[in-house]
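Take a look at the two chains shown below. This report walks through how they are built and where their parts meet.

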Amino acid sequence: MDAVAWFADVGIADRPTVGGKGGSLGELTQAGIDVPPGFVVTVAAFEQFLEKLEAREPIRPLVEALDPQDLGAATKLSEQLRVRVMEEAMPTEVQDALKTAHARLCEDGQPVAVRSSATTEDAEDASFAGLQDTFLWVLDADDMIERVRECWASLYSVESMTYRRKQDFPEVGVAMAVVVQRMVDAKCAGVMFTRSPTTGDKSVITIEGAWGLGSSVVSGEVTPDKWVLGKITGEISQRDISDKHARQVPAEGGGIVEIENDDERRKSPCLTDDELLALREVGRRIERHYGKPQDIEWALDQDGKVLLLQSRPETVWAMKDAESAPVRKPEGKAYNHVMAIFGGKKK
Amino acid sequence: MSEKSFPLPSSLKVTPGTEAAQAAYPYYAQFQPGDDERFWFYNSMHFPEPMHHFDMITAEAAYCALGAFNTRVHVLPTTKGIDHRIINGRVFIGGVPVTDPEEVEARAAEFQQRGFYYYENWEKLYDQWKDKMKALIAQAQDLPTPHLPQLEPMETTHTGKGVAANHALIETYRKQLNGYYQMWHHHFEFLLLGYGAYMTFFDFCKTAFPEISDQAISRMVAGMEAEIFKPDEEVKRLARRAVELGVDQHFTADMDIESVLADLDKVGGPGKEWLGELETSRNPWFNVNVGDGFYHYHRSWNDDLSMPFAALPGYIEKIKAGENIERPMDQLIKERDQMVADYRELLDTEEDKATYDQLIELAHRVFPYVEGHKFYCEHWYTNLFFNKIREFGALLAEHGFWEKEEDVFHLTHYELESAIIDLMLSWSSGSPPMGPSRWPAIVAERQKAIDTWAGETVPPALGQVPEAIDDPAIVMLWGITRESLDTWLSDGEGDPNELRGFAACNGVVEGTARVIRSVKEIDRIQQGDILVCQVTNPTWSPLFQKISAAVSDIGGSMSHMAIVAREYGLPAVVGTGNASQKIRDGARIRVDGGKGTVTILEQSAETRELEDA
């Protein structure tokens, strides 16, 4: 298997090699959804690297031997492993493959985002999203390689290791792919649920967004504007425009920085009605593609073009659906149903 | 939260100076001592203005019929009829729920033989209904204009008729009254059953899709070829004919209708042909009135052509520019069917899909009646009725009973019958009638009372606050729920510049409010204005090409206005309660047709002073 796989060549079925996020971005790309271009540093690259590390001294058996209750031991191990991951030279062919891919992706030196894409992350039953890392506005290939290494190292963070021990995941199956994606200089960004997070209603789409990069919304640092749209009708039934005090923008030397919004921007909706409807269209397409409601991260570039950053199946209401009974059973005659209105409350 | 309640009926005082006018309403519509124990609400939906004494006939005829069908014809299990009371010109109504479980059960068994028979045979019975209604309308049209000749025509003698002209007065009057009461029976023959089928689908959708909007459900149910679209389609047809016949230059924004008609007649050929087309449109489709048809002053297009004529120049301009102004019927039907299919696809189980199919099919079966009956009842028949009464008004005015024909509406229908008999006696005996010395003072007194009452604030409800409102008739016809009571109880706590109503058609628009109180004012509307009015109905739809949004005091999300607004894609909020009072003409407002809110952004002090002065 190659160390690098382009989005256009992978799908959700490739999760074991490109991770959940990589597989999903590949799937969306293949489905014709606008996703910023990118590639995945595959599990093969990680395995090659790990092999090199373990050739010196084992790693997986140490993690497997960990007592999840013993925080002290976990902290100590995490520090050791992190140093080893950060200091071990990368296998030459992996490093070359990454540099070549980066050159192809960023012909004009465009910045990238580097995000971990664990093979277990986003799993419908054991979401440990958020335990892995994301690095935004990474400026060059060397920096990108450092960030890939940090993503790998995050597998051995205290939280990540103890979580795996508690869940009793075998370490052999635990690997990390990393997504490297052209960075969107977002005018605004946010999340979209293709069903209601409050009632589970599948006929509405909830969109939340704020100015600047989506990181401020995902991390909860800014209260986003919120809209509820009819999935089928497009009617906008709810508009909550919040006071968005700040936004995150690219920093000059790489990374991101938070800046204050002026008064007018704070109170202005970050999306127009047309943009909301464009987002709804994309949301519907993705939902149709997967055949179930989705939890989506999106951004609008400076020209207002909608770009998809991530999509995963909605899990909370999906579990409730499985247990729910039908609203009403069919009747012998359609008009028998009117007794529900005319017959009074059933005791 | 503090315990809030509505005032008791017994605490309401008749406004000083209007006692006689109040006492003149029928005794059976006056509040009684025991009424404090019950819950009443102000029927602002149907009777938003103080009632002229004659117009109370609409309330009593309607409640006679509504109750008869609920209580004794279809036998609705949980509810009987509606009681009504009037104080200070305002109509309050109270439901009569059935609460004894045994009685509910017994009535349910009856209902399943009676109401179900209607559902089973809906199409056949509805066809019959249309025949009955048309026959009733024909009868009303055949009634002679009341008239008293100096001497009986010779014909009476030669044919041995044996009945003199004064008898025709009482005969015509009573026939016309009978017809009106009967029309209201026809009106309620299907209505509750139709709404019930619709509500069943509505409830299913609200359970399956908790956040679905009322307007989305209404759009799935709406019929495409309903009578309510016809009047506007006729105006479009007339615009098209004007262009085809080359007479379109006669129709301008500032035209005087009378001279346009005279000019067209003079032009001859094509002009006369167009006038012929106008006659075709007028009968029956211009028998729509500019209100809900519940008041005598809701005049029809036929009585006043300004509404349809106001729309002609705009349509003509569009036709000449090559624009298509026809309703894209095939596309509308396709869109509706697509919507029904799209919601169906979101249902989780096959059982729900089967139920959904049953309910939408039933709703589509009953809806032609729900949408169509108003044209025949509230518009066509009601216009004939009030115009006939107007003829009596004119005849009695001629004999000095009062000054102008409209004054007749200050009498109750009993009083009017007595005035007619007074005139019959006078014609018969050759002595002067007594009415002229009696009625003018009463008419003046009642006009003054109506003016006084019109300025009063009306409590939305009276009496005991019910635990819950599960009377299907009240929920369906008036949209009153426990939630709306809570809103009423907390009135005055919200943002005073924000009004809430039913979200009728999606879209946000900011613009200048044009508060229109009668059809006489429609020429004040400028392109892009937001129409603010008390009642809107399909007859206002020709104006929709000119305005950018619409706001009304009255109406629900399935009101005809809402249906038409959605077709035009015109942002609209209906049923705000008091927008036409709170919003001053010329104010800057924002209408959010998706949320159902209207915000007053800027209301100049000048307009306010003018109004307050």
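## Two chains in outline

Chain A holds 12 helices and 13 strands. This is a predicted model. The C-alpha trace of chain A spans about 80 × 50 × 40 Å along its principal axes. Chain A has 347 residues, and 44% of them count as buried.

Chain B has 20 helices and 12 strands. Its C-alpha atoms fill a box of roughly 80 × 65 × 60 Å along the principal axes. Of the 613 residues in chain B, 45% are buried. How does the radius of gyration of chain B compare with that of a compact globule? A compact globule of 613 residues would have a radius of gyration near 25 Å, and chain B has 25 Å, so the two agree.

Contacts can also link residues that lie far along the sequence. In chain A, take the contacts with a separation of 6 or more: residues 24 or more positions apart account for 66% of them. In chain B, among contacts between residues at least 6 apart in sequence, 70% join residues at least 24 apart.

## Domains of chain A

The domain assignment splits chain A into domain 1 (4-182) and domain 2 (186-323). The centres of these two domains, taken over C-alpha atoms, are separated by 26 Å. Contacts join 17 residues of domain 1 of chain A to 20 residues of domain 2 of chain A. On the domain 1 side, α1 (15-30) and β4 (134-138) of chain A each supply at least two residues. By class, that side of domain 1 of chain A has 10 nonpolar, two polar and five charged residues.

## Domains of chain B

For chain B the assignment gives domain 1 (118-224 + 354-397), domain 2 (227-329) and domain 3 (495-612). Here 18 residues of domain 2 of chain B are in contact with 15 residues of domain 3 of chain B. On the domain 2 side, α8 (230-245) and α11 (306-320) of chain B each give at least two residues. Which element supplies the largest share of that side? It is α11(B), with six residues.

## Where the chains meet

Between the chains, 33 residues of chain A are in contact with 42 residues of chain B. On the chain A side, the elements giving two or more residues are β8 (225-230), β9 (236-240) and α12 (339-342) of chain A. The largest share, four residues, comes from β9(A).

The table sets out the classes of residue on two of the contact sides.

| Side | Nonpolar | Polar | Charged |
|---|---|---|---|
| Chain A, touching chain B | 13 residues | 11 residues | nine residues |
| Domain 2 of chain B, touching domain 3 of chain B | 10 residues | four residues | four residues |

## One helix up close

Now turn to helix α4 (residues 71-87) of chain A. At 1.5 Å a residue, its 17 residues should span 24 Å, and its end C-alpha atoms are 24 Å apart, so the span agrees. Which residues of α4(A) are buried? They are A74(A), S78(A) and V85(A). These residues cover an arc of only 40° around the axis, so they sit on the same side of α4(A). An α-helix has 3.6 residues a turn, so residues three or four places apart point the same way.

The face of α4(A) turned away from its buried side carries exposed residues: G72(A), K76(A), E79(A), V83(A) and E87(A). The cover over the buried residues of α4(A) includes α6 (141-154) and α7 (158-167) of chain A.

## Backbone details

Two residues of chain A have a positive phi without being glycine. W137(A) has a phi near 55°. W137(A) lies in strand β4 of chain A. Is W137(A) buried or exposed? It counts as buried because it has 22 C-beta neighbours inside 10 Å, and the cut-off for buried is 20 or more.

D168(A) has a phi of about 60°. D168(A) is in the loop between α7 and β5 (176-182) of chain A. With 8 other C-beta atoms within 10 Å, D168(A) is exposed.

In chain B, the peptide bond from N283(B) to P284(B) is cis, with omega near 5°. P284(B) sits in the loop between α10 (269-282) and α11 of chain B.

Terms used. Residues are numbered from 1 along each chain as its sequence is written. Chains are lettered from A and ligands numbered from 1 in the order in which they are written. Domain bounds come from an automatic or database domain assignment. Two residues are in contact if their C-beta atoms, placed from the backbone, lie within 7 Å. Ala, Val, Leu, Ile, Met, Phe, Trp, Tyr, Cys and Pro count as nonpolar, Asp, Glu, Lys and Arg as charged, and the others, Gly among them, as polar. The expected span of a helix is 1.5 Å times one less than its number of residues. A residue is buried if 20 or more other C-beta atoms lie within 10 Å of its own, exposed if 12 or fewer, and partly exposed in between; C-beta atoms are placed from the backbone. The arc is that of the directions from the helix axis to the C-beta atoms. The radius of gyration is taken over C-alpha atoms; the globule rule is 2.2 Å times the number of residues to the power 0.38.
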